[in-house]
Amino acid sequence: MKEIIERRSIRKYKEDAVKKDDIETIIQAGILAPSAKNRQPWKYIVYTNAAKDNLLDVMEKGLLRERNEEKLLPQSQNGLPDAFHTLKIMREAPVLIIIENTNGRSPYTEINANGRIAEICDTLSIGASVQNILLTATELGYGTLWIANTCFAYNELADFIGIKGQLVGAISLGVANEHPGPRPRKDILEVVEFR
């Protein structure tokens, strides 16, 4: 429970490098997660240094396109300022881990009911894997931020990375340069119903 209680979403990072062995340990924890039908639909692509800078330049172009040109997510435009803020966080973190659902498809393609059920199961599996990653990073003394704002630059990022499945999001990783307190949580009586 210690890491579950202590884990925080970190938005400020020190410049300190993250050891490759630690990155591998963190991702290995993700690989050990349970998955629906043992499909293990996750792939993690680690970006650092110039490769990370190039990737984030592509993301910035996608965010600018979404704001100023073709709006692929018109009902989510109020989330764009946060996406630009997240981009700054991603630039500051020394490591960025891209998350791919190897069984998934672009959110811009049609999907039938069977495909949707498989997508839900794979997304739950990836969520379990990401949680293992976040908790292991916390145990090793690192900070993380789980990121979904990649959605605003989905096509640009997927093309640049060479995603064959579905771009799920990203995780920033590094030594925390802040110590936020716990965020409010709903009371157990609000979220549990016994029958």
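This is a short tour of a predicted model, from the whole chain down to one glycine.

**Whole chain**

Start with everything shown as a cartoon. The chain holds seven helices and four strands. Follow the ribbon from the N terminus and the order reads α-α-β-α-α-β-α-β-α-β-α. The radius of gyration is 17 Å, close to the 16 Å that the globule rule gives for 195 residues, so the chain is as compact as a globular protein of that length. Turn the C-alpha trace along its principal axes: the spans are about 50 × 45 × 35 Å.

Now switch on the surface. The accessible area of the chain is about 11600 Å². Carbon and sulfur atoms contribute 52% of that area. Buried residues account for 41% of the 195 residues.

Colour the charges next. There are 25 positive and 26 negative ones, and their mean positions lie 2 Å apart.

Contacts come next. Among those with a separation of 6 or more, 85% link residues 24 or more positions apart.

**Strand E2**

Select residues 95-101, which form strand E2. How many of its residues are buried? Seven of seven, so the strand is mostly covered by the under 20% cut-off for relative accessible area.

Show the side chains. Val-95, Ile-97, Ile-99 and Asn-101 point one way. Leu-96, Ile-98 and Glu-100 point the other way. Both sets are buried, Asn-101 and Glu-100 included.

**The neighbours of E2**

Add residues 42-48, strand E1. E1 and E2 run antiparallel and are joined by seven bridges. Zoom in on Tyr-47: its bridge partner in E2 is Leu-96.

Then add residues 166-174, strand E4. Which way does E4 pair with E2, parallel or antiparallel? The pairing is antiparallel, over seven bridges. Centre on Ile-98 to see Ala-170 of E4 standing opposite.

**Gly-143**

Last stop: select residues 143-147, strand E3, where Gly-143 is found. Is Gly-143 buried or exposed? Its relative accessibility is 4%, so Gly-143 counts as buried.

Show what surrounds this glycine. Leaving out residues up to four places away in sequence, Gly-143 touches Ile-10, Tyr-13, Ser-172, Leu-173, Gly-174 and Ala-176. Pick Leu-173 from that list and draw a C-alpha to C-alpha distance to Gly-143. The two residues are 30 apart in sequence, yet 5.8 Å apart in space.

How values were computed:
Residues are numbered from 1 along each chain as its sequence is written. This is a predicted model: local features need pLDDT of at least 70, side-chain atom pairs count only at pLDDT 80 or more; totals for chains, interfaces and linings use all residues. Side-chain values use heavy atoms; hydrogens and water are left out. Buried means under 20% relative accessible area, exposed over 50%, partly exposed in between (1.4 Å probe, protein chains only). Helices (H or I, at least four residues) and strands (E, at least two) are DSSP runs, numbered from the N terminus. Two strands pair if DSSP finds at least two bridges between them. The radius of gyration is taken over C-alpha atoms; the globule rule is 2.2 Å times the number of residues to the power 0.38. Contact means heavy atoms within 4.5 Å. Accessible areas come from the Shrake-Rupley method with a 1.4 Å probe; for residues, only the protein chains shown count as cover. Lys and Arg count as positive and Asp and Glu as negative; His and the chain ends are not counted. The place of a charge is taken as NZ of Lys, CZ of Arg, CG of Asp or CD of Glu.
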